[in-house]
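This report goes through a few features of one structure. It begins with a strand pair and moves on to the sheet, a helix and the cysteines.

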Amino acid sequence: KIFQAVVSCVGPDGTIYIIPKSFEIELKNLMTEIQSNFRCLSLLEPYCWKKGEACVVRGSDTMWYRGKVVELSGSTLQVQYIDRGCIERIPQCHLYPTTLYVGIPPFCIPCELYKTAPIGKCWQQDAVDCLQELLTNEEVEIHVQELPDNPWGKLSVNLYFGEMSLSSFMAYQKYCVTEDCQDVLKLELLEGDIPVLSSYTSPLLPLPGVTFPVRVTHLVSPKEMYICLEPSKNLTRESATEGDASWHSALESLNEALKWCNENVEALPLLTHFKAEKPCLVKYLDGLWYRAKLLSVEEFDPVKILVQFVDFGSFSVVPRSRLRHIPYYLLKYPVQAVRALLAGFKPALYDTDVKRIPYSPEWSVEALWAMMEFVEGKQLSASVLALSPEFTISLYEDDGSLVHTRLIKMGLADLDE
C-alpha cells in the first residue's frame, strides 16, 4: 500500500512516527472535541499514577492531547503523546487521568525502514539528529513493505521525501546499510553533501588601481550594487578525482555545471532545514534552478524564505517548494556577483516631495531608475579604490567617463570630494 503522510516526530531510537493524510480530518475533529470536554478542569488532587495509564496532557501550546504514562519518576512523569508519538517529561499538574477516547486507536503509526540496519546495531545520535532535521513535520510518501507481528509493533516501510529514498540517503551518509540502493548511485553521481554544507567561496578581486571589465547584475541603490567580473571563463576548477574525471572534464564553466544540474534536479531532495547563509538551489521565475543562499524566514503560514541568488546579487522571497539541496560540486565555483560601493558622489539634497527608496531613503526613486538605465546590459569597466572595509570602486562607461557624472548633471546626485 502506498499513501501520503506527515512525520509527526522521530523518536530517540530512530522510530519514525507518521500520521496518514487520510486521518487528518478525523484527528482534527477529535482534538476539537477534547478541547471542549477538558476546557475547565480544576487542579487534580494528589493521585497515584500507574504505568501505562491513559491521560490527557496539557501541552506547551496550552492544548490538551491524548497521552499515556510510560515511566514514573517523582513529581514528573514520562508521557507519550499517543497521536504524535513523542515522549516528554511532564509535571503532574499538567496531566489528568481519563477513560475517555481509550477505544479510539492512536492516529500516529510507528515505522521502521525496511531491510535497513543502522551502523552499530542501533541509530546513533548524529543519525537521529539527521532524521529529525530532515523529516519532522514534513510530508512524505510511504510504501508499506511488511506489517508488524502485533498491532503495537512498527510498520516496515520504504519512505520517500522529495522523491528521494530515505534508506538510500541514510546509507549514502554512512548511517546504515540497506538493500534499497536505488538512489545511492544518483547521490554519488551528484555528490550531494546533505544536510550539512560548507559555504560558497569568494572570487579573487583585482588589486587597487587595476582597471577591469565588469557587468552590473543587481542594483540596491545608485551607490550600492552587485557586479560580475568579466570574463567568467577565468573561473578555475578544483581537480577531479580519478573516478569522476571524465564527468568533470565536461564541465567547462559554471553555466555548464548548472545546466547539467538542472537536468538532474529531481534527484535532489527538497530543503527542509532553514539556516541563515545555508547554500541551496532555488527555482527562479524562468523555471530554472540557480545557486543561492538562505537569509531569513519571512512568513510561517505558509513558509516563505528570503534568499539571495549568489551569482547575480538579487533577492527573492520563495515558498519552500522552490528550494532544494545543492550538490557539493556547485560549491567549488566562486560566487559570480560581488557587492560593491561606488565612490565619487553622494545623494542630492533631501527633498521631502520626491519619492524615496523605502529601504534607502537618502536616495530618490528617480535616481535609482536613472542609474539602472545607465548600467543595465552595458559593458562597463571599473577600478578598485579599496578592498576593505567595503569593496569600493569607480565605475566607467565605454568612453572612459565616470557613470555617476550623468546623475550629477541631472541633479539626482552631488559630487563627493
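## A strand pair

Val56 stands opposite Arg66 in E4. Strand E3 (residues 54–58) and strand E4 (residues 64–73) run antiparallel and are joined by 5 bridges. Strands here are DSSP runs of E with at least two residues, helices are runs of H or I with at least four, and both are numbered from the N terminus. Two strands pair if DSSP finds at least two bridges between them.

The model is predicted: local features need pLDDT of at least 70 and side-chain atom pairs 80 or more, while totals for chains, interfaces and linings use all residues. Residues are numbered from 1 along each chain as its sequence is written, and side-chain values use heavy atoms, leaving out hydrogens and water.

## The sheet

An open sheet of 5 strands, paired antiparallel, follows the order E6-E5-E4-E3-E7. Strand E6 (87–91) and strand E7 (95–97) are at the edges; each has a single partner strand, so one side of each lacks a neighbour in the sheet.

## A helix

In helix H7 (residues 365–375), the buried residues (under 20% relative accessible area, 1.4 Å probe, protein chains only; exposed is over 50%, partly exposed in between) are Val365, Ala367, Leu368, Ala370, Met371, Phe374 and Val375. Just after H7, Gly377 has a positive phi of about 75°.

## Cysteines

The structure holds 0 disulfides, a disulfide being a pair of cysteine sulfur atoms within 2.5 Å. Cys86 is in no disulfide, and the nearest cysteine sulfur, that of Cys9, is 5.1 Å away.

Cys86 counts as partly exposed because its relative accessibility is 22%. Cys228, at 2%, counts as buried.
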